[in-house]
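Subject: Structure and notes

Hello,

Here is the structure I said I would pass on. My notes follow below it.

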Amino acid sequence: MSRKPIVAGNWKMNTTLDGACALAEGIASRANNISGVELVVFPPFPWLVPVRDILQGSGVQLGAQNCYVKESGAFTGEVSPWALSGVCQMILAGHSERRHVFGESDELVGTKVDATLAAGLTSVLCVGELLDERQAGNADVVVERQLKAGLANVSSDMLPRLVVAYEPVWAIGTGVAATPADAQEMSAAIRRWMSSKYGDEGAAVRILYGGSVSADNATELFSQTDVDGGLVGGASLKAESFIAIAAAAAGV
Ligand code: PGA
């Protein structure tokens, strides 16, 4: 079964309302030139609804960068995946900034995956090792630990709504992407792990690479056997570069 590539833009804590709308318009107006690739953008929470309205009919999907794990209640400042289910299609779980700036544990990330899937949305589980973990030869162990906790309660019938993003922390926002060979090696390890836990359905899950993806390196990264597209931060903040990266995914 062929895996349709995904190019996802994580806008992080960037854009004003006007800037977000302009970026969404720029992407929506160029998206019809791209075929065979799923495009999705993850704006900051308050811009989800205006961006959704702009993306209407463009085929570009919408996602949220984070969520809490309860359906509703006294959780000041948090956002429920069940509330988001009327607004967007996907939610990130365990982005490295959530793990390392906000101290989210592997277990909390797992409950966010569960809540997102229970609410009927697609969960994009982000995994990836720190530089010192890679240098110590522990990258595989760390990623496996994150997968194990992140997917502890996920059954194989949920897998069509799961995406895994491999994002080595040392490559995020640094301008130094993983080499295509390193991205491939870890993506293949993730696919093997998915296959051993879930069989063929696990092996069919899409695995994205993230960390300093640009229009210049996208083709080489995306042409790796087990890399099914990218999660793009900085280069997703300009419609031209985001669409150029999408075109790279379409071309491989
Ligand atoms: P970057 O961010 O492309 O700016 O490195 C990727 C991410 O954090 O998802």
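Which residues is H95 in contact with, leaving aside its neighbours within four places in sequence? They are N10, K12, C126, E167 and I172. Please keep in mind that this is a predicted model.

**The ligand and its surroundings**

H95 is a convenient place to start. It sits in the loop between β4 (90-93) and α4 (96-100). With a relative accessible area of 4%, H95 is buried. The cut-off for that word is under 20%, so 4% qualifies. The side chains of H95 and E167 are joined by a polar contact of 3.3 Å.

Both of these side chains also meet the ligand. An N or O atom in the side chain of H95 is 2.7 Å from a ligand oxygen atom, and an N or O atom in the side chain of E167 is likewise 2.7 Å from an oxygen atom of the ligand. G233 takes part through its backbone: one of its polar backbone atoms is 2.8 Å from an oxygen atom of the ligand. The ligand taken alone exposes 280 Å², and the protein buries 94% of that.

In total, 13 residues surround the ligand, and the closest are K12, H95, E167, G173 and S212. By type, the shell divides into seven polar, four nonpolar and two charged residues.

**Two residues with positive phi**

Two of the residues closest to the ligand, K12 and S212, have a backbone feature to look at. K12 is not a glycine, yet its phi is positive, at about 55°. S212 is not a glycine either, and its phi is positive at about 60°.

K12 lies in the loop between β1 (6-10) and α1 (17-31). S212 is in the loop between β7 (206-210) and α10 (218-222). What are their relative accessibilities? The value for K12 is 19%, and the value for S212 is 18%. The limit for buried is under 20%, so K12 counts as buried, and so does S212.

**The nonpolar cores**

In soluble globular proteins, nonpolar side chains tend to be buried together. Here the largest nonpolar core has 67 residues, and L151, I190 and F222 are those with the most contacts inside it. Leaving aside neighbours within four places in sequence, I190 is in contact with V127, V143, L147, V164, Y166 and I207. There is also a second, separate core of 12 residues, which includes A8, L92, A165 and L231.

**The loop between α10 and β8**

D228 and T225 can be taken together. D228 is found in the loop between α10 and β8 (229-232), and T225 has its place in the loop between α10 and β8 as well.

Which of the words buried or exposed applies to D228? D228 counts as buried, at 5% relative accessibility. T225 counts as exposed, at 62%.

Their contacts are as follows, again leaving aside neighbours within four places in sequence. D228 is in contact with R3, K4, P5, I6, R191, V205, R206, I207 and L208. T225 is in contact with R3 and Q184. R3 therefore appears in the lists of both D228 and T225, where contact means heavy atoms within 4.5 Å. As for distance, the C-alpha atoms of T225 and G9 are separated by 22 Å, with their positions 216 residues apart along the chain.

**Two helix positions**

A28 lies in helix α1 and counts as buried at 18% relative accessibility. Leaving aside its neighbours within four places in sequence, A28 is in contact with I54, L55 and S58. The C-alpha atoms of A28 and V51 are 9.9 Å apart in space, and the two residues are 23 apart in sequence.

R145 lies in helix α7 (residues 139-150). At 42% relative accessibility, R145 counts as partly exposed. From R145 to E167 the C-alpha distance is 15 Å, with the two residues 22 apart in sequence. E167 is the residue whose side chain makes the polar contact with H95.

Regards

Definitions and conventions:
Residues numbered from 1 in each chain as written. Predicted model: local features only at pLDDT ≥ 70, side-chain atom pairs only at ≥ 80, totals over all residues. Heavy atoms only, no water. Near = heavy atom within 4 Å. Polar contact = N/O pair within 3.5 Å; in protein donor to acceptor, adjacent residues only side chain to side chain. Areas by Shrake-Rupley, 256 points an atom, 1.4 Å probe, with all protein chains shown as cover. Nonpolar A, V, L, I, M, F, W, Y, C, P; charged D, E, K, R; others polar. Core = buried A, V, L, I, M, F, W, Y, C linked by side-chain atoms within 4.5 Å. Buried < 20%, exposed > 50% of the residue type's maximum accessible area, 1.4 Å probe, protein only. Helix = DSSP H or I, 4+ residues; strand = E, 2+ residues; numbered from the N terminus.
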